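Me: I've got a chain open on my screen and I keep tripping over the vocabulary. Could you walk me through what each label rests on?

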Amino acid sequence: MKKTTIKHSVAEAADLVVNSLKEKGFTIFADIDHQANAKSVDLEMPASRAIIFGNPLSGTKLMQTDIMMSLDLPLRLAIVENEGETQLIHQTLDDYTPNYQVKDHPVLIKIKGLFATLAAELNV
């Protein structure tokens with residue numbers, strides 16, 4: 001798992017990520033506001049959003065290689081407030097390869113690049 005400190009608030013970063021993913025052709029399946037959900041049951045927590053997204057073509061290629069990948073697809077990332085900082089959190093290739101038969105899969109290499117691009121966009 002990788003954590004990257006970013007410059008924006010959780011809300012700003014989530015909006016930027018969602019827009020960037022849509023521009024790149026990804027489908028946004030869910031944008032979960034954990035803080036709002038906690039508030040709905042009279043609990044408090046720091047700002048936290050989980051964004052679930054994917055590309056059926058790429059995801060299918062991974063699942064054709066190892067159907068067990070369906071447990072971790074579509075992709076997800078979290079943007080959280082943690083100890084006064086906003087962080088982008090996501091899985092890495094090292095998180096996927098021990099559990100699935102997808103080592104060096106070209107789609108995973110693209111996913112690695114995507115997460116690096118998103119982090120760079122959030123620090124501009």
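Below, each label is set against its definition.

Reply: Before we start, this is a predicted model, where local features need pLDDT of at least 70 and side-chain atom pairs count only at pLDDT 80 or more, while totals for chains, interfaces and linings use all residues. Residues are numbered from 1 along each chain as its sequence is written, and side-chain values use heavy atoms, with hydrogens and water left out.

Me: How do you know how many helices and strands the chain has?

Reply: They are DSSP runs numbered from the N terminus: H or I over at least four residues for a helix, E over at least two for a strand. That gives 5 helices and 5 strands, in the pattern β-α-β-α-β-α-β-β-α-α along the sequence.

Me: What makes the chain as compact as a globular protein of that length?

Reply: The yardstick is the globule rule, 2.2 Å times the number of residues to the power 0.38, set against a radius of gyration taken over C-alpha atoms. For 124 residues the rule gives 14 Å and the chain comes out at 15 Å, which is close, so the label fits.

Me: In what order do the strands of the open sheet sit?

Reply: β1-β5-β4-β3-β2, with antiparallel pairing. Two strands count as paired if DSSP finds at least two bridges between them.

Me: Why do β1 and β2 stand at the edges?

Reply: β1 (2-6) and β2 (27-33) each have a single partner strand, so one side of each has no neighbour in the sheet. For β2, 6 bridges join it to β3 (residues 48-54), and Asp33 stands opposite Arg49 in β3.

Me: What makes you say that helix α1 packs on the sheet?

Reply: Contact means heavy atoms within 4.5 Å. Helix α1 (residues 10-23) touches β1, β2, β3, β4 (75-82) and β5 (85-90). The direction of α1 makes about 5° with that of β3; axes are lines fitted to C-alpha atoms, for helices over the stretch in contact, and angles run from 0 to 180 degrees between N-to-C directions.

Me: Why is Tyr100 called buried?

Reply: Buried means under 20% relative accessible area (exposed is over 50%, partly exposed in between; 1.4 Å probe, protein chains only). Tyr100 has 7%, so it counts as buried. Tyr100 lies in the loop between α4 (93-96) and α5 (106-122), and leaving out residues up to four places away in sequence, it touches Asp66, Met68, Met69, Leu71 and Asp72. Across the chain, buried residues make up 39% of the 124 residues.
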